[in-house]
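How do the two chains of this model meet? The report below takes the interface step by step.

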Protein chains: 2
Amino acid sequence: MGSLDTNPTAFSAFGDDASGFQPLNPDDVRSYLHKAVDFISDYYKSVESLPVLPDVKPGYLRNELRSAPPISSAPFDVTMKELRASVVPGMTHWASPNFFAFFPSTNSAAAIAGDLIASAMNTVGFTWQAAPAATEMEVLALDWLAQLLRLPSSFMNRTGAAGRGTGGGVILGTTSEAMLVTLVAARDAALRRSGSQGVSGLPRLAVYAADQTHSTFFKACRLAGFDPANIRSIPTGPETDYALDPARLLEVMQADVDAGLVPTYVCATVGTTSSNAVDPVGAIADVAAVFNAWVHVDAAYAGSACICPEFRHHLDGVERVDSISMSPHKWLLTCLDCTCLWVRDTHRLTDSLETNPEYLKNDASESGNVTDLKDMQVGVGRRFRGLKLWMVMRTYGSAKLQEHIRSDVAMAKMFEDAVRADDRFEVVVPRNFALVCFRIRPQGAMTEEDAEEVNRELMERLNRTGKAYLAHTAVGGKFVLRFAVGSSLQEERHVRSAWELIKKTTTEIMEEEM
Amino acid sequence: MGSLDTNPTAFSAFGDDASGFQPLNPDDVRSYLHKAVDFISDYYKSVESLPVLPDVKPGYLRNELRSAPPISSAPFDVTMKELRASVVPGMTHWASPNFFAFFPSTNSAAAIAGDLIASAMNTVGFTWQAAPAATEMEVLALDWLAQLLRLPSSFMNRTGAAGRGTGGGVILGTTSEAMLVTLVAARDAALRRSGSQGVSGLPRLAVYAADQTHSTFFKACRLAGFDPANIRSIPTGPETDYALDPARLLEVMQADVDAGLVPTYVCATVGTTSSNAVDPVGAIADVAAVFNAWVHVDAAYAGSACICPEFRHHLDGVERVDSISMSPHKWLLTCLDCTCLWVRDTHRLTDSLETNPEYLKNDASESGNVTDLKDMQVGVGRRFRGLKLWMVMRTYGSAKLQEHIRSDVAMAKMFEDAVRADDRFEVVVPRNFALVCFRIRPQGAMTEEDAEEVNRELMERLNRTGKAYLAHTAVGGKFVLRFAVGSSLQEERHVRSAWELIKKTTTEIMEEEM
């Protein structure tokens with residue numbers, strides 16, 4: 001290398017032939033991103049008029065696009081043209097104001113901008129040192145949101161002057177991951193407590209949730225190795241509006257103890273996916289405490305509403321649970337992925353999830369003064385996850401976020417009132433948030449079976465129009481339509497139009513039936 | 001509702017007071033995103049001159065930003081100002097051309113644009129019906145990439161005219177998740193085969209990997225409930241360049257069988273994180289086949305190189321493994337998150353991961369003609385993950401992608417040659433891809449302990465300059481510097497400058513030592 005100064009080409013990977021492919025060429029970055037922004041603007045303008053649910057057949061896209069990757073590069077306009085021509089027509093438009101299925105994936109200009117910047121910076125924040133600002137931004141965003149939710153300070157990171165407690169949080173991709181990592185922490189703690197040799201005690205551990213709990217909880221239990229025979233799905237009914245009955249939970253847990261099992265984990269849901277039932281958090285925590293079981297609160301959807309004082313009571317008792325998760329990517333204007341998990345004792349998580357390979361060792365980690373977020377999640381790599389959530393809270397402020405929740409709830413209430421005022425319909429369970437569960441009620445000679453058929457027909461006809469998209473559920477054995485308000489482009493007129501369409505279609509079906 | 005036409009206000013959630021907070025207001029969307037694009041352009045222009053590793057103390061960000069969320073909204077410029085003033089100075093700049101630590105998180109204009117559009121569309125593609133184009137795009141992108149990697153067609157989805165085989169893939173967030181879901185599938189299959197009642201047989205299952213395997217593998221095993229005592233980390237040494245020795249694997253697996261255990265899963269790595277060792281895929285598959293164990297190939301980093309014919313031999317034998325994963329977010333110009341997993345028999349995954357709640361039931365899923373990607377991952381929700389990967393391949397084409405790999409490898413070779421030409425240094429293991437593992441070699445009176453101290457000092461001084469960031473590893477008990485080439489803004493001159501800095505700093509240290 002001594003020859004470097006006199007003979008530069010000796011230290012050259014390419015000589016003069018370097019063709020210089022620059023994937024982040026400044027002109028390309030600006031031009032591709034501006035084209036993407038134009039696309040997005042057009043898309044938001046036109047999405048209202050697109051069929052919410054597309055009319056495409058399985059395999060359609062392969063017939064439209066090349067089935068093999070191209071060898072040569074193409075102008076970005078070609079890529080964008082194919083996106084417009086072939087991809088958009090096959091989308092189910094979650095961004096459509098006529099989308100009423102599942103839960104809306106709410107979004108905002110600030111969140112998209114934050115996610116864009118995170119994509120461009122492309123940091124990998126596994127340790128504090130690998131991305132100090134990204135780590136601290138995530139911690140800060142979680143503490144801010146915890147304050148909006150009035151979570152007890154025991155869940156906060158409180159890094160800084162006050163020193164660190166044991167509480168803390170992490171942003172994950174999905175609620176399922178939040179369940180999985182807390183299940184594993186609870187599992188390992190229970191194994192240690194029961195003096196298990198390795199995992200020999202695993203077949204004796206038991207976990208609990210209401211039968212209305214998201215199916216992903218039962219899947220997460222299986223992933224973590226719990227015995228399917230010990231995963232309890234506790235029946236609920238109309239007497240509790242499909243919420244978990246603490247007395248019933250106590251009975252089931254006690255029976256397990258009597259049978260030699262070890263109650264390990266209880267999952268309570270605030271706002272079930274099916275019908276928005278709310279399990280009583282405090283009462284469940286009290287029952288679980290008898291058995292020293294971990295209590296997790298899944299508030300994926302309805303947690304966002306709890307930033308409003310009038311909904312906060314749904315979290316009462318949260319100070320006695322071990323962990324809580326909620327997903328701003330559902331109802332807090334933050335695009336996917338963004339699930340926030342808080343735990344009261346991060347050591348219980350990191351005991352199970354910590355890794356310490358040589359190439360990640362660094363002074364900051366060894367000082368114990370920093371959070372290495374890799375030790376609170378399944379994976380190692382992670383995006384700059386806190387940025388978009390912080391940008392949402394920083395830009396809009398809590399007052400606007402509350403307004404957003406209240407606006408959705410008010411529109412849902414408006415829809416509910418309309419349903420109640422038409423005696424062909426019934427609201428099947430009380431509305432708690434912005435989801436209305438309703439159906440054409442059995443009337444005249446209509447049996448329950450007929451009602452299921454008529455309601456299914458109503459849903460299918462509505463969805464075929466392309467002017468609305470609703471999903472269904474089963475509540476108490478009944479086929480029920482779910483009308484979920486809140487898609488971010490939605491206005492009152494869209495809810496109104498959907499209701500008009502529902503009434504008109506119902507009239508048509510009723511007339512045909514007669 | 002009969003009054004609707006004559007008295008519109010009766011059907012109104014807000015009356016006239018609607019303040020109309022519009023989180024996706026068209027002007028805001030355009031303006032915020034343009035500001036973000038400007039920020040990104042400026043950032044890429046200036047990042048070269050910023051210290052790669054920031055000089056901030058734990059807790060610094062909380063001292064700069066508000067510790068409580070604001071109530072009122074703020075102009076987006078305020079948010080962007082705080083980003084520039086407080087966040088950027090605390091970043092470890094993975095996008096810097098002077099970043100040589102870990103593996104680079106490569107990126108491209110097409111990938112960022114694709115991710116931006118995915119954020120704006122904000123679809124949730126758990127089932128085919130919930131996002132047909134997003135599902136099919138993901139399947140297509142995986143099949144394209146499988147073709148670039150010349151994976152056997154048994155790993156492809158082949159939806160369309162040829163009908164579906166059992167193969168298929170999914171895009172996940174991390175390699176860890178790819179390991180976890182395949183571990184669970186292998187675990188459940190082994191339990192069924194061994195006639196286990198529930199998970200009673202779990203303490204008898206054993207899993208295998210070289211000691212150079214990423215620590216996240218051993219963590220994933222624990223997450224899936226494998227007994228820590230049966231998670232085998234098989235020693236490697238310089239005689240195989242730290243790759244797994246199949247003969248040794250055979251011995252260990254046979255000994256376990258003799259002891260009554262059930263070999264369940266072997267993880268082979270193509271390009272270890274520590275030193276880029278390559279486990280012999282085919283030979284490992286042959287050994288595992290003796291015991292009917294699942295074989296997974298983790299090619300997170302080096303898999304990208306295998307799109308070039310000259311590197312493809314590292315995957316030889318892949319037609320005999322059960323699954324393979326690689327991460328375009330590492331070395332294929334696709335920003336985080338993007339880990340591709342292919343399996344030869346998707347049913348083995350979905351048997352363990354399928355859920356079927358009422359509200360997700362639909363005709364397409366029930367037809368069996370479509371892929372519901374939720375059944376191949378931990379969670380339910382998922383972004384439009386295939387778009388950015390497809391955009392990268394569509395826009396750049398395979399020739400440019402190969403050029404990108406070759407350019408990085410050539411720069412790494414250039415650096416390696418320089419190290420070899422300076423007799424104060426040694427290359428510790430043969431370079432396979434774009435990572436060079438080197439150190440100041442023990443010389444004169446320098447003991448191995450002195451060498452560790454001197455090399456650690458070198459790394460710390462380099463990193464403190466802000467002009468380069470390197471990480472270290474331990475190979476064969478030696479403290480080794482890792483020089484990973486390939487950050488997407490990197491050019492030959494950056495590698496050259498880093499080498500000059502290394503030489504100069506080494507001279508300074510050596511002179512002080514004397």
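Between chain B and chain A there are 8 salt bridges. One of the pairs in this predicted model joins R383(A) to D115(B), with the closest N and O atoms 3.0 Å apart. Polar contacts add to the picture: 78 residue pairs, both at pLDDT 80 or more, are in polar contact between chain B and chain A.

Which helix of chain B gives the most to the side that touches chain A? Helix α14 of chain B, residues 386-421, does so with 19 residues. The side of chain B that touches chain A can also be split by residue class, as tabulated here.

| Class, side of chain B touching chain A | Count |
|---|---|
| Nonpolar | 97 residues |
| Polar | 48 residues |
| Charged | 33 residues |

Next, the extent of the contact. Chain A supplies 178 residues to it, and chain B supplies 178 residues. The size of an interface is often given as the accessible area lost when the parts come together. Here chain B and chain A bury about 15500 Å² between them. Of that area, 66% lies on carbon and sulfur atoms.

Symmetry comes last. Two copies of a chain are related by a rotation about an axis and a shift along it. Chain B superposes on chain A after a rotation of 180° with 0.0 Å of shift along the axis, at an RMSD of 0.0 Å. That is the relation of a two-fold axis. Of the interface residues of chain B, 100% are also interface residues in chain A, so the copies meet through the same surface.

How values were computed
Residues numbered from 1 in each chain as written. Chains lettered and ligands numbered in written order. Predicted model: local features only at pLDDT ≥ 70, side-chain atom pairs only at ≥ 80, totals over all residues. Heavy atoms only, no water. Contact = heavy atoms within 4.5 Å. Buried area = accessible area lost by both parts, 1.4 Å probe. Salt bridge = Lys/Arg side-chain N within 4 Å of Asp/Glu carboxyl O. Polar contact = N/O pair within 3.5 Å; in protein donor to acceptor, adjacent residues only side chain to side chain. Helix = DSSP H or I, 4+ residues; strand = E, 2+ residues; numbered from the N terminus. Nonpolar A, V, L, I, M, F, W, Y, C, P; charged D, E, K, R; others polar. Least-squares fit on C-alpha atoms with pLDDT ≥ 70 in both.
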